[in-house]
Amino acid sequence: MVDSVLISILVGTVLGLLSGLGTGGGSLLMLWLTLVLHMDPVQARTINLMFFLPAASISALFHWRRGILRLRKILLPALAGCIMAAAFAGVSKRMDTDELKTFFGVLLIFMGIRELCYRPRKPK
């Protein structure tokens, strides 16, 4: 039942909405694929990347057109992110799956705590 086409479309729609809002729909996709569909983590990461690239690109385009995204401020962090993604894509092949799960779980916990404790700065 959970792997039906209708459920997949519904989950993809909700996660696309969350990605567009910038809330980390890809992280939730990983949980869906591994915990609900019992997918192999390597395959789930690959699907997550294929989901994330178009969703992030479209969201970034809309934010840029609205003037929210400043290209000068993100070019260096984006370049650093690309370099680290390439480096860790190679490293992740040699890491044990349990180590990756633990690392990802800890990262999600820290991100959740940060989101719960986040308070926007007041304009000066």
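This passage describes the fold, the main pocket, one helix pair and three individual residues of a predicted model.

The protein chain contains 5 helices and 0 strands, and its elements follow one another along the sequence in the pattern α-α-α-α-α. The C-alpha trace extends over about 50 × 35 × 30 Å along its principal axes. Of the 124 residues in the protein chain, 15% are buried. When contacts are restricted to residues at least 6 apart in sequence, 46% of them join residues at least 24 apart.

The largest pocket encloses about 2100 Å³ of space. Its lining consists of 50 residues, and those nearest the centre of the pocket are Asn48, Leu49, Phe52, Ala85 and Phe104. At least two lining residues are supplied by each of α1 (5-21), α2 (25-36), α3 (41-65), α4 (71-94) and α5 (97-117). Helix α3 provides the largest share of this lining, with 15 residues. Sorted by class, the residues around the largest pocket comprise 30 nonpolar, 17 polar and 3 charged. As a general point, the empty space left between atoms is revealed by rolling over them a probe the size of a water molecule.

Helix α3 also packs against α2. The axes of these two helices, α2 and α3, come within 9 Å of one another and cross at roughly 145°, and the crossing is right-handed. On the α2 side, the contact is formed by Gly25, Gly26, Leu29, Met30, Leu33 and Thr34, while α3 contributes Pro41, Ala44, Arg45, Ile47, Asn48 and Phe51. In terms of class, 7 nonpolar, 4 polar and 1 charged residues take part in the contact of α2 with α3.

Asn48 links the description of the pocket with that of the helix pair. This residue belongs to helix α3 and is among the residues nearest the centre of the largest pocket. With residues up to four places away in sequence left aside, Asn48 touches Gly26, Leu29 and Met30, each of which is listed on the α2 side of the contact with α3. The relative accessible area of Asn48 is 16%, and the residue is therefore classed as buried, the cut-off being under 20%.

The loop between α2 and α3 holds His38. Most residues other than glycine have a negative phi. His38, although not a glycine, has a positive phi of about 55°. His38 counts as exposed because its relative accessible area is 64%, where the class requires a value over 50%.

Glu99 is placed in helix α5. Its relative accessibility of 44% is the reason why Glu99 counts as partly exposed, a class that covers the values between those of buried and exposed residues. The C-alpha atom of Glu99 is separated by 31 Å from that of Leu10, and the two residues lie 89 residues apart along the chain.

How values were computed: Residues numbered from 1 in each chain as written. Predicted model: local features only at pLDDT ≥ 70, side-chain atom pairs only at ≥ 80, totals over all residues. Heavy atoms only, no water. 1 Å grid on protein atoms, 1.4 Å probe; cavity = no way out; pocket = protein on both sides within 12 Å on 5 of 7 lines; lining within 4 Å. Points joined across faces, edges and corners; volume = space filled by probe spheres on them. Helix = DSSP H or I, 4+ residues; strand = E, 2+ residues; numbered from the N terminus. Nonpolar A, V, L, I, M, F, W, Y, C, P; charged D, E, K, R; others polar. Axes fitted to C-alpha atoms, helices over the stretch in contact; angles between N-to-C directions. Left-handed = near helix turned anticlockwise from the far one by under 90°. Contact = heavy atoms within 4.5 Å. Buried < 20%, exposed > 50% of the residue type's maximum accessible area, 1.4 Å probe, protein only.
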